[in-house]
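Me: Please take a close look at one part of this model and say what surrounds it. I would like a connected account with the cut-offs stated.

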Amino acid sequence: SNSYEKFEVNDIILSIDDTPVSLVGDYKKLVDGKETVKVSVLRSSKVIDLGQVRTTSFSALGTTRIVECCGLILHDPHPALLYLSSQDKFGKGGIYVAFKEGGSPAEQAEAKNGLHNSDETNEINSKLITRVNEAKVTSLDEFLDAVVKCKHDEYVKFTTKNVDNGELAVHNIRLDLEYWKTRDMSRMPSGEWVSKFIEHEK
């Protein structure tokens, strides 16, 4: 982002649009609704004028859509994940694995491979799924389009990326569509969550 390119770690924001800033509440008022703002910072005991910095609007709702597949709870990556990882490690994104349910096909696959809780090398939790079989996925819709082509009892190859170091791993998980159906859940504007089961190809 533009702000990522201009700010440095330990910068202290002194003013926005030539107005001094000392409280977080002041900061929000000065940037709200503006596409760009003029910023000056204190950096290594020197006042630095960053010029015009583009602002980015974020939703306060958090996660509004979840997909469950093979006992994996999946959603789009949190914005904070982008800031905690570098672009070369994060790449073009993927689908974030938030949780692996106990007794699920995903957990059984790791147990079959002899993985333990202390072995995080091939642990699928907290990684990004970047491919389903040979299909590249960067969104939940692309993920569903790819996974519905897989049939009950087939093995699906999930390629994942570790956002900490960029390493890739492959996880082969058997689809159990009798007890672990694929489900798409969305948060409505009213705040209610609705879910629907996704049909796979026969």
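**Strand partners and surroundings**

Reply: The bridge partner of Y96 in β8 is L128. This is a predicted model, in which local features need pLDDT of at least 70, side-chain atom pairs count only at pLDDT 80 or more, and totals for chains, interfaces and linings use all residues. Residues are numbered from 1 along each chain as its sequence is written, and side-chain values use heavy atoms, with hydrogens and water left out.

Strands here are DSSP runs of E with at least two residues, and helices are runs of H or I with at least four, both numbered from the N terminus. Two strands count as paired if DSSP finds at least two bridges between them. β7 and β8 are joined by 2 bridges and run antiparallel. β7 also pairs with β6, again in the antiparallel sense, over 4 bridges. Y96 in β7 stands opposite H75. As background, the strands of a sheet pair through backbone hydrogen bonds, either parallel or antiparallel.

Y96 is also a contact of H78, whose place is in the loop between β6 (72-75) and α3 (79-84). The other residue that H78 touches is T63, when residues up to four places away in sequence are not counted; contact means heavy atoms within 4.5 Å. The C-alpha atoms of H78 and Y96 are separated by 8.2 Å, with their positions 18 residues apart along the chain. What is the exposure of H78? Its relative accessible area is 37%, so H78 is partly exposed: buried means under 20%, exposed over 50%, and partly exposed in between, with a 1.4 Å probe and protein chains only.

The strands just described also feed a core. A nonpolar core is a set of buried Ala, Val, Leu, Ile, Met, Phe, Trp, Tyr and Cys residues joined through side-chain atoms within 4.5 Å. The largest one has 26 residues, of which L74, I129, V132, F143 and F158 touch the most other members. At least two residues of this core come from each of β5 (65-69), β6, β7 (95-100), α5 (105-112), β8 (128-132), α6 and β10. Helix α6 gives the most, with 5 residues. Another core, of 9 residues, lies apart from the largest one and has I16, V31, V37 and L50 among its members.

Two of the residues named for the largest core also form a ring pair. The structure holds 1 aromatic pair; rings of Phe, Tyr and Trp (its six-membered ring) pair if their centres lie within 6.5 Å, and planes under 30 degrees apart count as stacked, over 60 as edge-to-face and the rest as tilted. The ring centres of F143 and F158 are 6.1 Å apart and the planes are at 15 degrees, so this pair is stacked. It links distant parts of the chain, since F143 is in helix α6 (residues 140-147) and F158 is in strand β10 (residues 155-161), 15 residues apart. F143 is buried because its relative accessibility is 0%, and F158 is buried because its value is 0%. Leaving aside neighbours within four places in sequence, the contacts of F158 include C69, C70, I129, R131, V132 and F143.

Two of those contacts are cysteines, which raises the matter of disulfides. How many disulfides does the structure hold? The count is 0, a disulfide being a pair of cysteine sulfur atoms within 2.5 Å. For C69, the nearest cysteine sulfur is that of C70, 3.8 Å away. C150 is in no disulfide either, the nearest cysteine sulfur being that of C69 at 8.1 Å. C69 counts as buried because its relative accessibility is 0%, and C150 counts as buried because its value is 3%.

Just past β8, N133 is in the loop between β8 and β9 (135-136). Its phi is near 55 degrees, a positive value in a residue other than glycine. In general, most residues other than glycine have a negative phi. N133 is partly exposed because its relative accessibility is 27%.
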